[in-house]
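Biologist: I would like a close look at a single part of this chain. Pick one strand and follow its contacts outward.

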Amino acid sequence: MSQILQQMTGIQPEVAIEAIPSDERVWVLQAPNVWFRPLFFNTLSGGWCNLLRVRRSGVLSRHIHPAPVFAYVIKGSWRYLEHDWVASAGTFAFEPPGEIHTLVVDADNESDEMITFFNVSGAMIYLDDAGRQVGYEDVFNKIDMCRKHYRDVGLGEDYVDQFIR
């Protein structure tokens, strides 16, 4: 079946890539000290897989997901302001739909950086302190962010195409 898909679309159905890239330009700036490395963009069901990296300390703004999110910490540690647990290297985390949280990597993180694999279904909806929507990201916004970034760093905007299915 995958050979037929490739013949019809010209797209290789499998994705097998170096997860932690040797080329720093592959990491896309998300917020101050926060980057993501795309691994897979699922345009059919609207989700994505990526690595989130925070150097030293940083915050991923308060947000909510309308669908489940799965995470596995590869390096370092992080926590949610809204909870009393810490996810450190080797920790698996499940975020149920509707969970509001703010991801924080503290300055006293045991590593110089945090890297976590995330499998995000649906979207990220950013909220202010009153719970009002102030922004969002979905698979298409993430693709657009990557296109702009890869064009700006000299990889070419079509570099992101290898992650899109």
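What follows is one request and one connected answer.

Biologist: Take strand β3. Is β3 largely enclosed or open, and why? Which strands pair with it? Then follow R53 and C49 out to their partners.

Modeller: A caution to begin with: this is a predicted model. β3 covers residues 47-55. Eight of its nine residues are buried, so the strand is largely enclosed by the rest of the structure.

Start with the pairing. Strand β2, residues 34-42, runs antiparallel to β3, and eight bridges join the two. Within that pairing, F36 stands opposite L52 of β3. β2 and β3 form a hairpin with four residues between the strands. G46 belongs to this hairpin and takes a positive phi near 80°. β10 also pairs with β3. That pairing is antiparallel too, over nine bridges. Here C49 has N119 of β10 as its bridge partner.

Stay with C49 for a moment. It is buried, with a relative accessible area of 13%. The structure holds zero disulfides. C49 is accordingly in none, and the nearest cysteine sulfur, that of C146, is 13 Å away. Why is there no bond from C146 to C49? The sulfur of C146 is 13 Å from that of C49, its closest cysteine sulfur, and this is too far for a bond. The cut-off for a disulfide is 2.5 Å between the sulfur atoms. C146 is buried as well, at 0% relative accessible area.

Now R53. This residue is buried, with a relative accessible area of 3%. Its side chain meets that of E24 in a salt bridge, at 3.0 Å from N to O. E24 lies in the loop between α1 (2-9) and β1 (28-31), while R53 sits in β3, so the pair ties together parts that are 29 residues apart in sequence. The burial of the two ends can be set side by side: R53 is buried, whereas E24 counts as partly exposed at 43% relative accessibility.

This bridge is part of a wider set. Salt bridges that share partners join E24, R53, R55, K75, D112 and E113 into one network. The total for the structure comes to 13 salt bridges.

Another of them helps to place the neighbouring strands. R79 and D106 form a salt bridge, with their closest N and O atoms 2.7 Å apart. R79 is in strand β6 (residues 77-80), and D106 is in the loop between β9 (100-105) and β10 (113-121). The two are 27 residues apart, and the pair links distant parts of the chain. Both ends are partly exposed: R79 has a relative accessible area of 24%, and D106 is at 27%.

R79 also leads to β9. It stands opposite V104 in that strand. β6 and β9 pair in the antiparallel sense over two bridges. β4, residues 58-64, runs antiparallel to β9 as well, and five bridges join them. There V59 has V104 as its bridge partner. V104 is therefore named in both pairings, with R79 of β6 and with V59 of β4. As for burial, five of the six residues of β9 are buried, so β9 is largely enclosed by the rest of the structure.

For a local salt bridge, turn to helix α2. K148 bonds with D152 in a salt bridge, the closest N and O atoms being 2.7 Å apart. The two residues are four apart in α2 (residues 139-152), and so about one helical turn separates them. K148 is partly exposed, at 47% relative accessibility.

Last, the surface. I20, F70, Y72, I74, F92 and F94 form a nonpolar patch there. Together they have about 570 Å² of accessible area. Two elements give two or more residues to the patch: β5 (69-75) and β8 (92-95). β5 provides the largest share, three residues. F70 is placed in β5 and counts as partly exposed, at 32% relative accessibility.

To return to your strand: β3 is largely enclosed. It pairs with β2 and with β10. Through R53 it is tied to the loop that holds E24.

Note on methods
Residues are numbered from 1 along each chain as its sequence is written. This is a predicted model: local features need pLDDT of at least 70, side-chain atom pairs count only at pLDDT 80 or more; totals for chains, interfaces and linings use all residues. Side-chain values use heavy atoms; hydrogens and water are left out. A salt bridge is a side-chain nitrogen of Lys or Arg within 4 Å of a carboxyl oxygen of Asp or Glu. Buried means under 20% relative accessible area, exposed over 50%, partly exposed in between (1.4 Å probe, protein chains only). Patches are made of residues with over 30% relative accessible area and no salt bridge: like charges are joined within 9 Å, nonpolar side chains (Val, Leu, Ile, Met, Phe, Trp, Tyr) within 5 Å. Accessible areas come from the Shrake-Rupley method with a 1.4 Å probe; for residues, only the protein chains shown count as cover. Two strands pair if DSSP finds at least two bridges between them.
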